[in-house]
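Please look over the sequence and the structure shown here before reading on. The paragraphs below are meant to be followed with the model open.

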Amino acid sequence: MTAVNTARGTARRAARNPALVGLTRVGFIGYGLVHLALGSLAIQIALGHSGQEGDQSGAFHVLAGQPFGKLLLIVVVVGLTAMAIWQLLLAAVGHVDKHGKARTFERIASGARVVVYAVLAWTAYKVLKGTAASSARQQRDVTSGAMAHTGGVWLIGIVGVGVVALGIGLIWYGAKHQFERKLRTGQMSRKAKRVARWLGTAGYVAKGVAFGIVGVLLTDAAVTHEPGASTGLDAALRVLAAQPFGELLLIVAGVGVIAFGVYCFFQARYRKVGS
């Protein structure tokens, strides 16, 4: 028992390590830049001007094309990796301010964030090395491979429903301003709080809508046995653009994603990191 407590104490001290905290804050800046690029791609798709896929891989290619793009991607990879490590420590021993089911939920959420940040860091690294494949094609291949196995269709359907639920959860999270609990609001001015609330609300709602469409496409792929219907975020944006007033809706969604990107800069300064 003593060994377990010692390990927990070591992990908690690691989560509060100044170097990790600093790199994590850099990671939020990188995360913000990715969303700025994503939002820009969404708007370009709406206007019919995008030559990149409207997903994370496309966003990293946009960043790579900027002045000092390779250096920018290195910073993003390091920052996102730090964010993944931070969330891994929180999943293991963190969220001590919560109790019971609330703490369990937060630890599970941290575990999910580990996957998100790690995948983004790996994708950015592959773009940096020039070996990144199409994210849309990768998701289509994964979906097709899963559906070729017994029970695969059900698995894809369940994942699709789960992604829809995640999208609904993000919309609720943003609309109810739940994200403010993660900020050091006591250090923010009244104006900063107001701007952060607007940006966070718009950003989480926009991301929720995008995830919801991705989930619907996954579910549709399972129901129709057509893995080609599922090509991730890029397909979701293009499906949205194809709806009545779709171009306007996609522009609004793109602005929302850009708002989330700017909100990430607020998180870089005011996010509670290390516990």
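The text goes from the overall make-up to helix contacts, then to single side chains, salt bridges and backbone angles.

This is a predicted model. The protein has 10 helices and zero strands, and from the N terminus on its elements run α-α-α-α-α-α-α-α-α-α. Of the 275 residues in the protein, 44% are buried. Among contacts between residues at least 6 apart in sequence, 74% join residues at least 24 apart.

Helix 2 is a useful place to begin with the packing. Helix 2 covers residues 18-47 and helix 10 covers residues 246-270; their axes come within 8 Å and cross at roughly 170°. Because angles over 145 degrees count as roughly antiparallel, helix 2 is roughly antiparallel to helix 10. Sorted by class, the residues in the contact of helix 2 with helix 10 are 22 nonpolar, seven polar and three charged.

Helix 2 also packs against helix 3, here at an angle of about 105° and with the axes 8 Å apart. That angle lies in the range of 65 to 115 degrees, so helix 2 and helix 3 are roughly perpendicular to each other. On the helix 2 side, the contact is made by Leu33, Val34, Ala37, Leu38 and Leu41. Helix 3 contributes Gln56, Gly58, Ala59, Phe60, Val62 and Leu63. By class, the contact of helix 2 with helix 3 has nine nonpolar residues, two polar residues and no charged residues.

Which residues does Gln267 touch, leaving aside those up to four places away in sequence? They are Arg25, Phe28, Leu183 and Phe260. Gln267 is in helix 10. Its relative accessible area is 4%, so Gln267 counts as buried. The residue numbers place Arg25 in helix 2 and Phe260 in helix 10, given that helix 2 spans residues 18-47 and helix 10 spans residues 246-270.

Helix 5 can be checked for length. At 1.5 Å a residue, the 30 residues of helix 5 should span 44 Å, and its end C-alpha atoms are 44 Å apart, which agrees. Buried residues of helix 5 include Arg103, Glu106, Ser110, Val114, Tyr117, Thr123 and Lys126. Just after helix 5, Gly130 takes a positive phi of about 75°.

One of these buried residues, Val114, can be set beside Trp86. Trp86 is found in helix 4 and has a relative accessible area of 1%, so Trp86 is buried. The C-alpha atoms of Trp86 and Val114 are 8.3 Å apart in space, while the two residues are 28 residues apart in sequence.

How many salt bridges are there? The count comes to two. In one salt bridge, the side chains of Glu106 and Lys182 meet at 3.0 Å, N to O. This pair links distant parts of the chain, 76 residues apart: Glu106 is in helix 5 (residues 100-129), and Lys182 is in the loop between helix 7 and helix 8. Both Glu106 and Lys182 are buried.

In the other salt bridge, Arg197 and Glu180 meet through their side chains at 2.9 Å, N to O. This pair also links distant parts of the chain, with Arg197 in helix 8 and Glu180 in the loop between helix 7 and helix 8, 17 residues apart. Arg197 counts as partly exposed because its relative accessibility is 37%, and the partly exposed class lies between the cut-offs of 20% and 50%.

The last points concern the backbone. Most residues other than glycine have a negative phi. Phe68 has a positive phi of about 60° although it is not a glycine. Phe68 sits in the loop between helix 3 (56-64) and helix 4 (69-93). Is the side of the cut-offs on which Phe68 falls buried or exposed? With 70% relative accessibility, Phe68 counts as exposed.

His177 is another residue other than glycine with a positive phi, near 60°. The place of His177 is in the loop between helix 7 (152-175) and helix 8 (190-224). His177 has 24% relative accessibility and therefore counts as partly exposed. Lys182 of the salt bridge with Glu106 is also in the loop between helix 7 and helix 8, as is Glu180, the partner of Arg197.

Note on methods. Residues are numbered from 1 along each chain as its sequence is written. This is a predicted model: local features need pLDDT of at least 70, side-chain atom pairs count only at pLDDT 80 or more; totals for chains, interfaces and linings use all residues. Side-chain values use heavy atoms; hydrogens and water are left out. Helices (H or I, at least four residues) and strands (E, at least two) are DSSP runs, numbered from the N terminus. Buried means under 20% relative accessible area, exposed over 50%, partly exposed in between (1.4 Å probe, protein chains only). Axes are lines fitted to C-alpha atoms, for helices over the stretch in contact, and angles run from 0 to 180 degrees between N-to-C directions. Angles under 35 degrees count as roughly parallel, over 145 as roughly antiparallel, 65 to 115 as roughly perpendicular and the rest as oblique. Ala, Val, Leu, Ile, Met, Phe, Trp, Tyr, Cys and Pro count as nonpolar, Asp, Glu, Lys and Arg as charged, and the others, Gly among them, as polar. A salt bridge is a side-chain nitrogen of Lys or Arg within 4 Å of a carboxyl oxygen of Asp or Glu. Contact means heavy atoms within 4.5 Å. The expected span of a helix is 1.5 Å times one less than its number of residues.
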